[in-house]
Protein chains: 2
Amino acid sequence: MKITIKDVAKAAGVSPSTVSRALHDNPRISEEMRKQIKKIAQEMQFHPNQMARSLVSRRSRIIGVVFPGEVGESMNHSFYPSVLQGLGHVAGARRYHMLLGTGAEGDSIAEAVHQLSDSGYAEGLIVLAAEAVPAAHTAGLPVVTLGHPANAENGYYVDNDNVAAGQAATRYLLERGHKRVALLGYDPQFMVTADRRKGYQQALEQAGLPCREADVVPIRYLENTTDEGKLRSLFERPDRPTGVVCMDDAQAIALCHMLVDMGLSVPGDVSLISFNDTPAGRLNNPPLTSINVDPYQLGQKAMELIIRLVKHPETPPTGLTIPFAIMERDSVRTL
Amino acid sequence: MKITIKDVAKAAGVSPSTVSRALHDNPRISEEMRKQIKKIAQEMQFHPNQMARSLVSRRSRIIGVVFPGEVGESMNHSFYPSVLQGLGHVAGARRYHMLLGTGAEGDSIAEAVHQLSDSGYAEGLIVLAAEAVPAAHTAGLPVVTLGHPANAENGYYVDNDNVAAGQAATRYLLERGHKRVALLGYDPQFMVTADRRKGYQQALEQAGLPCREADVVPIRYLENTTDEGKLRSLFERPDRPTGVVCMDDAQAIALCHMLVDMGLSVPGDVSLISFNDTPAGRLNNPPLTSINVDPYQLGQKAMELIIRLVKHPETPPTGLTIPFAIMERDSVRTL
DNA sequence: CGGAGATGTGCAAACGTTTGTGCTTTTGAT
DNA sequence: ATCAAAAGCACAAACGTTTGCACATCTCCG
């Protein structure tokens, strides 16, 4: 039998309302009464029933979190786990909880969003993919997006400056004497890669170099064995790219294997710079020079923003940008 | 303004109780009335308030999930993301939700557990580490452990048969002619590695081979640069191990690099078999022969078990064991 | 000494559901 | 036609809190 506020009230010889106020540090309760009550509550191991509390206060201290696509899959990127850690730490510190948006197997992200918002538990939503924002907005809850939503002006989001990062990565190679650099892993479906591509092009233009269509290679060239030939042929030509910026460490690693297989050396013949600075990238031979996008901080900021938002719904639309850093390792050679 | 059951009742010209029963398919409501009410509720976009519902029904459809140590860190293992996926899929299918146990930065796992159970939201707990079980039990909630808890007899858990897996891995090498095989990554702190070691020894004994203390190398030999020397020296001796079973793909990859660095080839000079069958292991050169422990299924079973448990608390203690599979690839040579 | 203002506490309503009980109407058997 | 049982529904209490309001006591000033 759970003990209630009434039990505490009885034990303390006061009314439930007094107990409630004392526990909330309401100034209308005298100092000593408050201490007294708190002590008794402690001894009785009283834990207020959240359901009842939330029912009347209309606050749950719960933030819904929805992951893109198949949760586990995206998690493997090692990007989301860090985000999750960031989210968790500030949630924990502010005594908030995270409710995971899950769907049954094969459910779309929109379904996960609905399951979450229909549940009625969450006060706000954090959506880890700009793609799901439309679904999220119909929920009638405050939403913070991780990543640049389509109409950024009237939304809340935290993101890396992906175009700046794409530009920086490209420039990093150009500054080291590379005249032809390719871009690997472009996928128009995802804003992230689209933005990085934009930065890539800007860097090229600023250096007065042409941006050849053939040099930006779509993600499927890596995943799809029938298309792999096209990728290989790119590096078989005498005027092959001497540098590649890859959208992710995993892609860089795969490319690395392919190049070695072709008899080319990294960074001897071709230099690689990639994104996400993963453990796997650090373990690669050679260790990858990679752009650290600080997913942990991304998570922290997102949680801070959503908490501010549920407390003050009138907060004006806010977009936060997290700085990135180039982790210099051994996959780039200066020509 | 949220719409309530009363609004629906008014619109349908019946009492709230009738609406409630109709929505719950209570047989005391006539077929046509039920349809009628459901249609109206649909049109009005009525979503019952979970707080109120949970308050009286004393069910929240929320399962607390707590991860070991620093969430993000453990996630990188790529093991937990898959577990999470499994958990999520069955939770979603049964219309349950997962509440994440988070603590502030630096909080222990026990604190995370308490934060979760004190919240009063969760009906049951899934603990992804046998280590946290004691803390979890004081919570007064049903608990399912992922991994073998210390006193397995009176607990609920799902786990791999780690000793069998350790035995199988070792035997796999022995059957291929290896006479001296080492065990890498032993850490007495963790039951998993302890169990696998047990299996390793059994396999050795059954083959009539000695189990040398020097051949089971602790995890820190890999992580700690000062101890790495000891690891190297093991492979510098003429009677070096020709096979190694590693506790995790990541360790195998690191070892692989070290061996190559020493001028030894994998699997030419030394064969490697490891656990967890990760993407990184598949990408390694050579692709790792690894034991797949099916974390996805682990997650599924755990969620199924906890849901059964919260519905029928009198369920007798249950221990589930998930089968494993050896994924044969190219890191083992037959002598 | 009377009353105004503080100060501390209790009462009861409200939050939005679920559910036991009892009331009315219909049905079918006699 | 009469009555019992069944069917369909409404009433109201309950779940455990929070909070506006009223009430009681105490202090202090004129």
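How many residue pairs are in polar contact between chain B and chain A (both at pLDDT 80 or more)? The count is 9. Keep in mind, as you read on, that this is a predicted model.

## Where the two chains meet

Let's start with the interface. On the chain B side, 48 residues are in contact with 48 residues of chain A. Putting the two chains together buries about 4200 Å² between them, and carbon and sulfur atoms give 63% of that area. In chain B, the residues that lose the most area to chain A are Met51(B), His97(B) and Tyr121(B), which together make up 16% of what that side buries.

What about charged partners? The rule finds 0 salt bridges across the interface of chain B and chain A. The side of chain B that touches chain A has 5 charged residues, along with 22 nonpolar and 21 polar ones.

## Which elements build the contact side

Try finding these pieces of chain B in the structure. Several elements each supply at least two residues of the side that touches chain A, among them helix H4 (50–57), helix H6 (79–93), helix H7 (109–119) and helix H13 (249–261). Strand E2 (97–101) of chain B is also one of these elements. The largest share, 8 residues, comes from H6(B).

Strand E2 is worth a second look. In chain A, strand E2 (residues 97–101) pairs with E2(B) in the antiparallel sense, over 3 bridges. Look for Leu99(A) here: its bridge partner in E2(B) is Leu99(B).

## Helix H7 in both chains

Now turn to Gln115(B), which lies in helix H7 of chain B. Is Gln115(B) buried or exposed? Gln115(B) counts as buried because its relative accessibility is 18%, below the 20% cut-off. Leaving aside residues up to four places away in sequence, Gln115(B) touches Gly92(A), Arg95(A), Tyr96(A) and His97(A) from chain A, plus Thr102(B) and Gly103(B) from chain B.

In chain A, helix H7 (residues 109–119) has several buried residues, including Ala112(A), Val113(A), Gln115(A) and Leu116(A). Ser117(A) and Ser119(A) are buried in H7(A) as well. Just after H7(A) comes Gly120(A), with a positive phi of about 80°.

## Backbone features to look for

Most residues other than glycine have a negative phi, and most peptide bonds are trans. With that in mind, here are some spots to visit. Arg95(A) has a phi near 60°, a positive value in a residue other than glycine. Arg95(A) is found in the loop between helix H6 (79–93) and E2 of chain A, and is exposed, with a relative accessible area of 55%. You have met this residue already, as one of those that Gln115(B) touches.

Asp294(A) also has a positive phi, near 50°. Its place is in the loop between strand E10 (289–292) and helix H15 (295–311) of chain A. At 25% relative accessibility, Asp294(A) counts as partly exposed.

Chain B offers cis peptide bonds to find. Val266(B) and Pro267(B) are joined by one, with omega about 5°, and Pro267(B) lies in the loop between H13 and strand E9 (271–275) of chain B. The peptide bond from Asn285(B) to Pro286(B) is cis too, with omega near 0°. You can find Pro286(B) in the loop between H14 and strand E10 (289–292) of chain B.

Technical notes:
Residues are numbered from 1 along each chain as its sequence is written. Chains are lettered from A and ligands numbered from 1 in the order in which they are written. This is a predicted model: local features need pLDDT of at least 70, side-chain atom pairs count only at pLDDT 80 or more; totals for chains, interfaces and linings use all residues. Side-chain values use heavy atoms; hydrogens and water are left out. Contact means heavy atoms within 4.5 Å. Buried area is the accessible area (1.4 Å probe) that two parts lose on being put together, summed over both. A salt bridge is a side-chain nitrogen of Lys or Arg within 4 Å of a carboxyl oxygen of Asp or Glu. A polar contact is a pair of N or O atoms within 3.5 Å; within protein, one must be able to donate a hydrogen and the other to accept it, and residues adjacent in sequence count only if both atoms are side-chain atoms. Helices (H or I, at least four residues) and strands (E, at least two) are DSSP runs, numbered from the N terminus. Ala, Val, Leu, Ile, Met, Phe, Trp, Tyr, Cys and Pro count as nonpolar, Asp, Glu, Lys and Arg as charged, and the others, Gly among them, as polar. Two strands pair if DSSP finds at least two bridges between them. Buried means under 20% relative accessible area, exposed over 50%, partly exposed in between (1.4 Å probe, protein chains only).
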